[in-house]
Amino acid sequence: MLGLRSFESATIVISDIELAQQIKKGQFNTGKLGGSAATMPEIWQAALAA
């Protein structure tokens with residue numbers, strides 16, 4: 001494994017992992033997306049837009 005070559009890349013990867021865990025635990029606010037009825041692609045699009 002080559003690892004991450006820059007601090008910026010590491011920051012992005014770690015923040016994405018944290019976001020995925022928040023979504024999995026239900027800690028990401030999906031109220032504007034229809035609550036628990038929101039699909040995973042809709043949640044990811046909202047997260048990327050934020």
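Okay, let's start with one residue, Ile 17: it comes out as partly exposed, with a relative accessible area of 43%. Keep in mind that what you see up there is a predicted model. Where does Ile 17 sit? You'll find Ile 17 in helix H1, which covers residues 7-25.

Ile 17 also has company on the outside. Together with Leu 4 and Val 13, Ile 17 makes up a nonpolar patch on the surface, and the accessible area of the three adds up to about 250 Å².

Now let's zoom out. How many helices and strands does the protein have? Two helices and zero strands. There are 50 residues, and 14% of them count as buried. The protein exposes about 4,300 Å², and 59% of that comes from carbon and sulfur atoms.

Right, on to the inside. In soluble globular proteins, nonpolar side chains tend to be buried together. So which residues form the largest nonpolar core here? There are five: Leu 19, Ile 23, Ala 38, Ile 43 and Ala 47. H1 and helix H2, residues 40-49, are the elements that each give two or more residues to this core.

Let's stay with Ile 23 for a second. If we skip anything up to four places away in sequence, Ile 23 touches Phe 28, Met 40, Ile 43 and Trp 44. Ile 43 is a name you've just heard, as another member of that core.

Phe 28 turns up again when we look at Gln 22. Gln 22 lies in helix H1 too, and with the same kind of skipping, Gln 22 touches Gln 27 and Phe 28. Is Gln 22 buried or partly exposed? Partly exposed, because its relative accessible area is 34%, and buried would need a value under 20%.

Last stop, Ser 9, which is another residue of helix H1. Ser 9 has a relative accessibility of 32%, so Ser 9 counts as partly exposed as well. What does the side chain of Ser 9 make a polar contact with? The partner is the side chain of Ser 6, at 3.1 Å.

That's my tour, thanks for listening!

Terms used
Residues numbered from 1 in each chain as written. Predicted model: local features only at pLDDT ≥ 70, side-chain atom pairs only at ≥ 80, totals over all residues. Heavy atoms only, no water. Helix = DSSP H or I, 4+ residues; strand = E, 2+ residues; numbered from the N terminus. Buried < 20%, exposed > 50% of the residue type's maximum accessible area, 1.4 Å probe, protein only. Areas by Shrake-Rupley, 256 points an atom, 1.4 Å probe, with all protein chains shown as cover. Patch = residues over 30% accessible without salt bridge, like charges linked within 9 Å, V, L, I, M, F, W, Y side chains within 5 Å. Salt bridge = Lys/Arg side-chain N within 4 Å of Asp/Glu carboxyl O. Core = buried A, V, L, I, M, F, W, Y, C linked by side-chain atoms within 4.5 Å. Contact = heavy atoms within 4.5 Å. Polar contact = N/O pair within 3.5 Å; in protein donor to acceptor, adjacent residues only side chain to side chain.
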